[in-house]
Amino acid sequence: MGNIYIKETPSEHEQQNDQRSACVKTTKYLQKPNTLLRPLFFHPYTKGTQVNMDSSHHCAWRKSGFCNGIIFTNRPVLIQEKVGLKITKTDASWKGGLRLGCTIFDPSLIDPNALPKFVCPDLEKTHGFWVSALPQDCMKEGTVISFWVNSQGHFLYTVNEGREHLLMKGLLVSWPLWVVIDVYGTTQEVRLQDPPMKCVSQSKLPLQPPYPVRSGKAQTSCSNPSVACVRPTKGRSGSSPCAPEVSSNTQPQHSLDEDCILCCSHQVDSVLYKCGHMCVCYGCGKKLLGQNAKCPLCRQPVKEIIKTYRN
C-alpha cells in the first residue's frame, strides 16, 4: 500500500512544537497490526550517527563523543512485556547517562538523518514521545535495567531486579509503543537481554497513529527540512539506505482502491464532512459519527458521512 502524504495544518500539537523542524512529514498509516510476538532487537537502520551495532542487532555502542546515540527497537513492545537492557560499557570521562522512553511512531518511517543529538531535551515535549533520564547511580557496567509499560500508561523499571520505580506516566497505550534509547554520556554500550524476561501479550495492536509528529530540530548531518521520514530503501548498489525528498505541501492522498484505515477489511467508500477526507468505509464512518469522533487524518470533527459509489 502506498504512502499517504500529509499536508501539515495548524493544530494544538504543532503549536506546541512550532519551534521545531519536522522529523516526520510523511508516514505509511495503512498497515494491518501484527499481533505475533516477533524477536526483539535494535532497529538496524534508524539510529544516531555515532551508533554501531553487532550483527544480531542486540548490542549497540557509541563510537565516539557523548551524543548522537539514539536507537529504537525493531517492533513495538507489548503491555507488560518486560525488557532487559544491560549496560556493558561505560566511559567515566563524560557526564550524564542512559535515557529511556517510548514513541508511537514506527522508526522505520523516520529519517535517520533527522534525528536530534539527544532525546532529552530535544524530544521530551514532542507529541508522541515520552523520554526521561535514568538516575545517575544506575550508570554502572554490568547493571541490568528491566523496564515495561503497564496498562495504565506507566513506564516502570527496576535495577538488577530490585525495587520497582516509576520513570514516567501518561503513555498512550492504545497505540503501538516502540522503545527509544539514548546511549548518552557515561553509557557507551548496551545490550538487550534475550529472550525478554517476561511477556504478557496484548490481544490486539492498533493501527499506526494517524498524526505526523514534529520532532526537535535536527542537529545531525541533515539540513533539508523537507526530507521525508519514510522507510529506508537501499539504492541500486545495495549499500546505504536513503529516503526520498518530499515537499511539505504535498496533499493527502487516498483512493477508493484502498482499505479503510480503521478496520482494514473494507474498501474506502465514504467522504468525511467537513474535512473531505476519504479514508474510511461507510460502517466505520457511521461509528465515528455516532461517537462524536474526529477524522483519523486531520483530527477535525466529523459532521456527516457521505457514501460514494463507483461508476
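This briefing walks through the fold, the strand pairings, one buried residue, a helix and some unusual backbone spots in the structure above. Please keep in mind that the model is predicted. The chain has 311 residues, and 50% of them are buried. Its secondary structure comes to 2 helices and 17 strands.

**The chain as a whole**

- The chain exposes about 14900 Å² of surface, and carbon and sulfur atoms supply 48% of that area.
- If you count contacts between residues at least 6 apart in sequence, 70% of them join residues at least 24 apart.

**A four-stranded open sheet**

- One open sheet has 4 strands in the order 5-12-7-8, and the pairing is antiparallel.
- Strand 5 (70-72) and strand 8 (129-133) stand at the edges of this sheet; each has a single partner strand, so one side of each is left without a neighbour in the sheet.
- On average, neighbouring strands of this sheet are turned by 20 degrees against each other, with direction ignored.
- Inside the order, strand 7 (residues 99-103) pairs with strand 12 (residues 178-182) over 5 bridges, in the antiparallel sense.
- To find this pairing on your screen, look for Cys-102, whose bridge partner in strand 12 is Val-179.

**Strand 6 and its two partners**

- Strand 6 (residues 83-90) runs antiparallel to strand 9 (residues 144-149), and 4 bridges join the two.
- Val-83 is one place to look here, with Phe-147 as its bridge partner in strand 9.
- Strand 6 also runs antiparallel to strand 13 (residues 187-192), this time with 5 bridges.
- In that second pairing, Lys-89 has Glu-189 of strand 13 as its bridge partner.

**Ala-60, a buried residue**

- Ala-60 is found in strand 4 (residues 59-62).
- Is Ala-60 buried or exposed? Its relative accessible area is 0%, and because buried means under 20%, Ala-60 counts as buried.
- Leaving out residues up to four places away in sequence, Ala-60 touches Phe-42, Val-51, Asn-52, Met-53, Ile-71, Gln-188, Glu-189 and Val-190.
- Glu-189 therefore turns up twice in this briefing: Ala-60 touches Glu-189, and Glu-189 is the bridge partner of Lys-89.
- Leu-192 is 132 residues from Ala-60 along the chain, yet their C-alpha atoms are separated by 8.8 Å.

**The annotated RING-type stretch and helix 2**

- An unreviewed UniProt entry carries the annotation "domain: RING-type" for residues 260-299.
- Over residues 260-299 the chain is 22% helix and 10% strand, and the C-alpha atoms at the two ends are 16 Å apart.
- Which residues of helix 2 (residues 282-290) are buried? They are Cys-284, Gly-285 and Leu-288.
- Seen down the helix axis, the buried residues of helix 2 fall within an arc of 105 degrees, so they line one face of the helix.
- As background, an α-helix has 3.6 residues a turn, so residues three or four places apart point the same way.
- The face of helix 2 turned away from the buried side carries Lys-287 and Gly-290, which are exposed.
- Strand 17 (304-307) is included in what covers the buried residues of helix 2.
- Just after helix 2, Asn-292 takes a positive phi of about 55 degrees.

**Unusual backbone spots in loops**

- For context, most residues other than glycine have a negative phi, and most peptide bonds are trans.
- The peptide bond from Cys-120 to Pro-121 is cis, with omega near 10 degrees.
- Where is Pro-121 found? Pro-121 is in the loop between strand 7 and strand 8.
- Gln-80 lies in the loop between strand 5 and strand 6, and its phi is positive, near 70 degrees.
- Gln-80 is partly exposed, with a relative accessible area of 24%.
- Glu-161 lies in the loop between strand 10 (155-159) and strand 11 (165-168), and its phi is also positive, near 60 degrees.
- Glu-161 counts as partly exposed, at 47% relative accessibility.

Methods
Residues numbered from 1 in each chain as written. Predicted model: local features only at pLDDT ≥ 70, side-chain atom pairs only at ≥ 80, totals over all residues. Heavy atoms only, no water. Pairing = 2+ DSSP bridges. Axes fitted to C-alpha atoms, helices over the stretch in contact; angles between N-to-C directions. UniProt positions renumbered as here; feature names shortened; annotations may be inferred. Buried < 20%, exposed > 50% of the residue type's maximum accessible area, 1.4 Å probe, protein only. Contact = heavy atoms within 4.5 Å. Areas by Shrake-Rupley, 256 points an atom, 1.4 Å probe, with all protein chains shown as cover. Arc of directions from axis to C-beta.
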